[in-house]
Amino acid sequence: MEKASDNLSSLYGKTLFLDKLFSYCPGCGHGIVTRLVAETIEAMGIREKTVSVVGIGCGGFSHHYMDIDAIEAMHGRSPSVATGFKLASPENFVFTYQGDGDMSAIGLADLLHAANKGLPITCLMINNTVFGMTGGQMSPTSLPGQVTATTQKGRDPHIHGYPILVPEMMLAMPGVKYLARESVADAPAIRRAGKSLRRAFECQEKNLGFAFIEFIVPCPTGLKKSVLESYDWCKNQMTAYFKPAVFIDQTE
Amino acid sequence: MPEETLFLKNTETFAEAMVRCGVRYHFAYPITPASDVMKYSAMLLPQYGGRMIQMESELAVANALAGCACAGKLGATSTSGPGMSLMQETISFMAGAELPCLMLDSMRVGPGDGDIIGAQSNYFQATRGGGHGDYRVIVLAPDSGQSIVDLMPVGVKLAFTYRSPVLFVIDGVTAQMTETSTFQEPRDYAADFDTSSWRYTGTKDHPKRFLLTGSYSHSQGYELNERLRAKFEIIKEKEQRWEDQYLEGAELLLVGFGIHGRMIRELTAQLRSQNHKVGRINPISLWPFPDKAFEKIPSGLKNVLVVEMNHGQMIDDVRLALNGRAPTHFLGKTGGDTPLRTLAEIRAKALELLEG
Amino acid sequence: MLYKCVFSGSGGQGSALLAKLVCQAAIIDKLKVVMTQTYGIEQRGGDSTAFVIVSDLPIGNPLVEADGNLGIALSASTYGMCLASMGNSGRLFYNSSLIKQEIEKPGLEQIPLEASDLAIEVGGSPRGLNLVLLGAAVAATKILKIETVEEVLRETIGHKKPALLESNLASFRAGLAKA
């Protein structure tokens, strides 16, 4: 009997593993970004040379759903690992897949210096405003007033600081050739995110320089919301602070 | 190009030797007394089609080195105490992930920022592992420019044979010394090793591979650790390195590595020529520690003197190796204008033990 | 043969250069060499001492620990430092143009030489004072071949500053003649 995945395989090709048991929670925004990544790799025909460097956190699972080589780096260090890898093996396509905790908390220096070096690698930050895997603690990107496991009365910027705007920190770096913030809050946003991802990947394929995208995604489990509520929150609260935009596009 | 004698600072000798033996990527961050390695390699590596990459911290250094190793290429780094401490998490990672690389700890006085004068205070950190988990890295201790040159091919072979970081520890006094070393013609020892069976360079020639030093199940973690344990046992059995001399009839055994090993070599010969019953063991691999060297100590041995540029670290391993067979004494020092025991001081202590 | 050399001088007098010259010449003469210097956070100038061990056999102890047997002191402020590193045998050549008071050390032969004055006399500048003293030391000890030292001078100084070479050679030869 024909399996449902056979039909899907013809649609998605070889990159996406459709039979792999999914470990993202229901409604998790990672599922959408991971699919977009797989589709982009498939569409560009770069699967066999692609290496994913993943962070610690739920984003670390992303490579399990793709038929690509992967390196699970130490917490926050993926951009440095990718830098060393790309220098030693420029013929490979290398991207990092990290959450907001991995990238904007412990790994911010690694990211910014990788960006500033301007090497042709691609870094993706999946921002759901919480440490999801460890139980919904505050992250540097948690919104003012956001209740988390470690900010029971809501994030107070006077104590915890303000949500960090990561791509904006790279605006003055000439080595960054593609820089964007996208969201997966609804279908049009996901379509835009897919196009943006293609640009960011092509930036590396054309050997132009560093590319970065922040994806604003919901984490129903970490946010303690239903799936629908979390998407609503993503669309209305998160993107109000983290405004989607293509900041730099020098890929032409 | 036949063999060639160069007069270099030993940090430069390290750089020259590693590049001649196949290192093409050197990741580093400036720190005294290791900075000359990167200065020299930045000049030398382009001639070999490689690069020195100055990173932004030792965290970034160690992780870029890990990335380089994931591509199956031989990378190296060079640092000193504080930098070494920052790299520990990634050294644990590389040991767990079985990634080969060369590292240099040009040791200086600690703790904390410490002092830039040379020391051997990182023996524990090097041999016990300053990072987390049940892991070991191979540690080699050259005692001169020439032994850096001679041990470099050994280091590259060990790194790839056992897929492990290989750490060279050199006291900062030796590292900053300028001396003559004779180099063989360049030979890329890393090229002898086929990395295609494990490197992470895309699924073109192999099914999906991924590097995981964590675990998704407790049994997975157990299996990883068992595999590492078995490997470490083999290394312990096969890779002990040392130099010994005059053990026969010795009543006093001198033990030292690095610069003190070199001084003990001279002192032992000097004392033997004056009919003193002295022998010596110079550990060259600090991990695995050369336990086997101590298996053949003579029955008439009365005392063992361990000399280190610290407050007594390797002496623990000497005691374990001796297992109570002889009283063990210590002479050491860390820091100061002359941050080590002089030959005269070691000689005086040796004579005291011989006469006592 | 084993020479444990101590070269001390103040900023710009060329004690480090002296050490390097001896090393380079010794290497050409197929000898083993170790050079150690006190090092600190990057800085220049001030008093410094360089130690050079020259031997026809592999060198064990790389330290000069109050057992130097060939010393050269260029300045008054470093004379004491140099003397402290010397043993109770061998020779210490010092610049008596600047070092006015000799301090006795039993067993150590001390040779005063008005090196600054001599350098001005033969080369027109006191800069060659280090080579005057080296010349005297080489002539007295035969630690290095004279031709080798001159060859190294030509290679190191001659390339960059041909004018300086002649005055340096003159200083070195003036020292040789004084021994």
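**Exercise 1. Work out what share of chain C is buried, and how its radius of gyration sits against the globule rule.**

Solution. Start with burial: 55% of the 179 residues in chain C are buried, where buried means under 20% relative accessible area, exposed over 50%, and partly exposed in between (1.4 Å probe, protein chains only). Keep in mind that this is a predicted model, where local features need pLDDT of at least 70, side-chain atom pairs count only at pLDDT 80 or more, and totals for chains, interfaces and linings use all residues. On bookkeeping, residues are numbered from 1 along each chain as its sequence is written, chains are lettered from A and ligands numbered from 1 in the order in which they are written, and side-chain values use heavy atoms, leaving out hydrogens and water.

Next, the radius of gyration, taken over C-alpha atoms; the globule rule is 2.2 Å times the number of residues to the power 0.38. For 179 residues that puts a compact globule near 16 Å, and chain C agrees, with 15 Å. Along the principal axes, its C-alpha atoms fill a box of roughly 40 × 40 × 35 Å.

Last, the elements: chain C has 6 helices and 6 strands, both being DSSP runs numbered from the N terminus (helices H or I, at least four residues; strands E, at least two). Read from the N terminus, the order is β-α-β-β-β-α-β-β-α-α-α-α.

**Exercise 2. Do the same for chain B.**

Solution. Buried residues come to 62% of the 356 in chain B. A compact globule with 356 residues would have a radius of gyration near 21 Å, and chain B agrees at 21 Å. Its C-alpha trace spans about 70 × 50 × 40 Å along the principal axes. As for elements, chain B holds 11 helices and 16 strands.

**Exercise 3. Find the salt bridge partner of A:Lys49, then of B:Glu251 and C:Glu109.**

Solution. The criterion is a side-chain nitrogen of Lys or Arg within 4 Å of a carboxyl oxygen of Asp or Glu. Over all chains, the structure has 37 salt bridges.

- A:Lys49 pairs with A:Glu205, with the closest N and O atoms 3.0 Å apart. This pair links distant parts of the chain, 156 residues apart: A:Lys49 is in the loop between helix H2 (29–44) and strand E1 (50–54), and A:Glu205 is in helix H7 (residues 187–205). A:Lys49 is partly exposed at 27% relative accessibility, and A:Glu205 is partly exposed at 36%.
- B:Glu251 pairs with B:Lys302 at 3.5 Å between the closest N and O atoms. The two are 51 residues apart, B:Glu251 in the loop between strands E11 (242–245) and E12 (252–255), B:Lys302 in the loop between strands E14 (285–287) and E15 (303–308).
- C:Glu109 pairs with C:Arg91, again with 3.5 Å between the closest N and O atoms. C:Glu109 is in strand E6 (residues 109–113) and C:Arg91 in strand E5 (residues 86–95), 18 residues apart.

Chain B also has a salt-bridge network, linking B:Asp143, B:Glu243, B:Arg265 and B:Arg280.

**Exercise 4. Which residues gather with C:Lys20 in a patch of positive charge?**

Solution. Patch members have over 30% relative accessible area and no salt bridge, with like charges joined within 9 Å. The residues gathering with C:Lys20 on the surface are C:Arg127, C:Lys160 and C:Lys161. C:Lys20 itself is in helix H1 (residues 15–28) of chain C and is partly exposed, at 46% relative accessible area.

How values were computed: Patches are made of residues with over 30% relative accessible area and no salt bridge: like charges are joined within 9 Å, nonpolar side chains (Val, Leu, Ile, Met, Phe, Trp, Tyr) within 5 Å. Accessible areas come from the Shrake-Rupley method with a 1.4 Å probe; for residues, only the protein chains shown count as cover. Lys and Arg count as positive and Asp and Glu as negative; His and the chain ends are not counted. The place of a charge is taken as NZ of Lys, CZ of Arg, CG of Asp or CD of Glu.
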